[in-house]
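These are my notebook entries from one sitting with the sequence and the coordinates. I wrote them in the order in which I looked things up.

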Amino acid sequence: ALAALIFDIDGTLSETEELHRRAFNDVFADFGLPWRWDVDLYRDLLDVAGGKERLAHFFATHEGGAPGLADRIAELHAAKTARYATLVAGGAARLRPGIARLMRQARHAGLRLAIATTTSLPNVEALLCATLGPGAVDLFAVIGAGDMVAAKKPAPDIYRYVLDALALPAGACVAFEDSSNGLVAAHGAGLPTLVTPSLYTAHQTGAGAFDGALATLSDLGEPGAPYRHIAGA
Ligand code: XBP
Ligand code: MG
C-alpha cells in the first residue's frame, strides 16, 4: 500500500530556479565577475544538477576561462546559498498549485512525507519555512538534500538514500518531479513518479523525456483551477 510521498524541491514545490539564477548573478556582481546568466543559458546549465557542479561546468566550458576561479567555487557557492536564503526569507518564493493541499491531505491519510533534492539543505529549510511556516521541516520524515550523497540527479542516489531512511520499498512511495534529470533519478530508484514540468523544464515535455511517468500534469491543481494532462502523458 502507499505509505509515503517523496518530493523534489526546485521546480516541483516552487519555481525556485529563477531565485537560484538571481542569487548566482548577484554573487557574480558582488565578486566583480563579468557573467550574468540569462534564462536561455541557465536552462542549458540546469542539465548539470547542483550549484557547485554547475559553476564548475560553466568555468570549465566558457570561453575566456576563469583562471583561479575553480578554486573558489566553495566560496562563491556559500555566498550564493546565503543570497538565496535572503531572497526566500523575503517572500520571493511561492508554492506551486496543489502542493500544500496534497501535503495536508496526505498527512491526514497517514502517509509520510519526504524530500529528495539536489539543492543544499539550507535552501530546503529556507523554502519550507517561508512557504509552510516555521517548524515545517518537522512535517517531513526524511529530508535528503545536496551533498548527503556523492552523485547528484540524474543518479538515483538521493532517492535511494531517502527510501533507506524511510525503510520503505520504492513501490510503497510516489515521487514528484519536474525535470528529466529528476525523473531519471526517481526511476533509477524504482519509484513511480508523477511529473509537473516547471518554467525551466516545460521544453522537455513531448521530447519523450517524461516517458514512463505515472502522468505528466500542468501542476497538482486547486479547487476551481484543475490541472491539465500534458501532451505525451
Ligand atoms: C535542482 C538543482 C539545484 C539548484 C541549486 O535540481 O539542480 O542545483 O539549481 O541548488 P533538482 P544548489 O530540482 O532536480 O533537485 O546551488 O544548492 O546546489
Ligand atoms: Mg526539480
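Entry 1, the core. I began with the largest nonpolar core, which has 48 residues, and I noted Ile6, Ile115, Leu127 and Tyr159 as those with the most contacts inside it. Helix H6 gives the most to this core, with five residues. I then checked which domains feed it: domain 1 (4–15 + 94–216) and domain 2 (17–89) both give residues, so the core lies between them. I keep in mind throughout that this is a predicted model.

Entry 2, Tyr159. I followed one of those core residues outward and, leaving aside residues up to four places away in sequence, found that Tyr159 touches Ile6, Ala116, Ala175, Ala185, Ala186, Ala189 and Leu191.

Entry 3, the domains. The domain assignment splits the chain into domain 1, made of 4–15 + 94–216, and domain 2, which covers 17–89. I took the distance between their C-alpha centres, and it comes to 23 Å. The contact takes 15 residues from domain 1 and 13 residues from domain 2. On the side of domain 1 that touches domain 2, the largest share, five residues, comes from helix H6 (residues 121–132). By class, the residues on that side of domain 1 divide into six nonpolar, five polar and four charged.

Entry 4, helix H4. I asked myself what span the 17 residues of H4 (residues 73–89) should have at 1.5 Å a residue. The expected value is 24 Å, and the end C-alpha atoms are 24 Å apart, so the two agree. I listed the buried residues of H4 as Leu76, His77, Lys80, Thr81, Tyr84, Ala85 and Val88. Their cover includes helix H1 (17–30), helix H3 (51–61) and H6. Just after H4, I found Gly91 with a positive phi of about 95°.

Entry 5, ligand 1. I counted 20 residues around ligand 1, of which the closest are Asp10, Gly51, Thr118, Thr119 and Ser120. The elements that give two or more residues to this shell are H1 and helix H8 (180–188). By class, the shell has two nonpolar, 14 polar and four charged residues. I also looked at which domains it draws on, and each of domain 1 and domain 2 supplies at least three residues.

Entry 6, Thr117. This residue lies in strand E2 (residues 112–117). Is Thr117 buried or exposed? I found 29 C-beta neighbours inside 10 Å, and since 20 or more count as buried, Thr117 is buried. Not counting residues up to four places away in sequence, Thr117 touches Asp8, Ile9, Asp10, Val124 and Ala145. I also took its separation from Ala207, which is 90 residues apart from Thr117 along the chain, and the two C-alpha atoms are separated by 23 Å.

Entry 7, helix H8. Having met H8 in the shell around ligand 1, I went back to see how far the helix is covered, and seven of its nine residues are buried. The buried ones are Ser180, Asn181, Gly182, Leu183, Ala185, Ala186 and His187, and two of the names that I had written down as contacts of Tyr159, Ala185 and Ala186, appear here. What covers the buried residues of H8 includes helix H7 (157–166), strand E4 (173–177) and strand E5 (193–195). Just after H8, Gly190 takes a positive phi of about 85°.

Conventions: Residues numbered from 1 in each chain as written. Chains lettered and ligands numbered in written order. Predicted model: local features only at pLDDT ≥ 70, side-chain atom pairs only at ≥ 80, totals over all residues. Domains from an automatic or database assignment. Contact = placed C-beta atoms within 7 Å. Nonpolar A, V, L, I, M, F, W, Y, C, P; charged D, E, K, R; others polar. Expected span 1.5 Å × (residues − 1). Buried ≥ 20, exposed ≤ 12 C-beta atoms within 10 Å, placed from the backbone. Near = placed C-beta within 6 Å. Core = buried A, V, L, I, M, F, W, Y, C linked by C-beta atoms within 7 Å.
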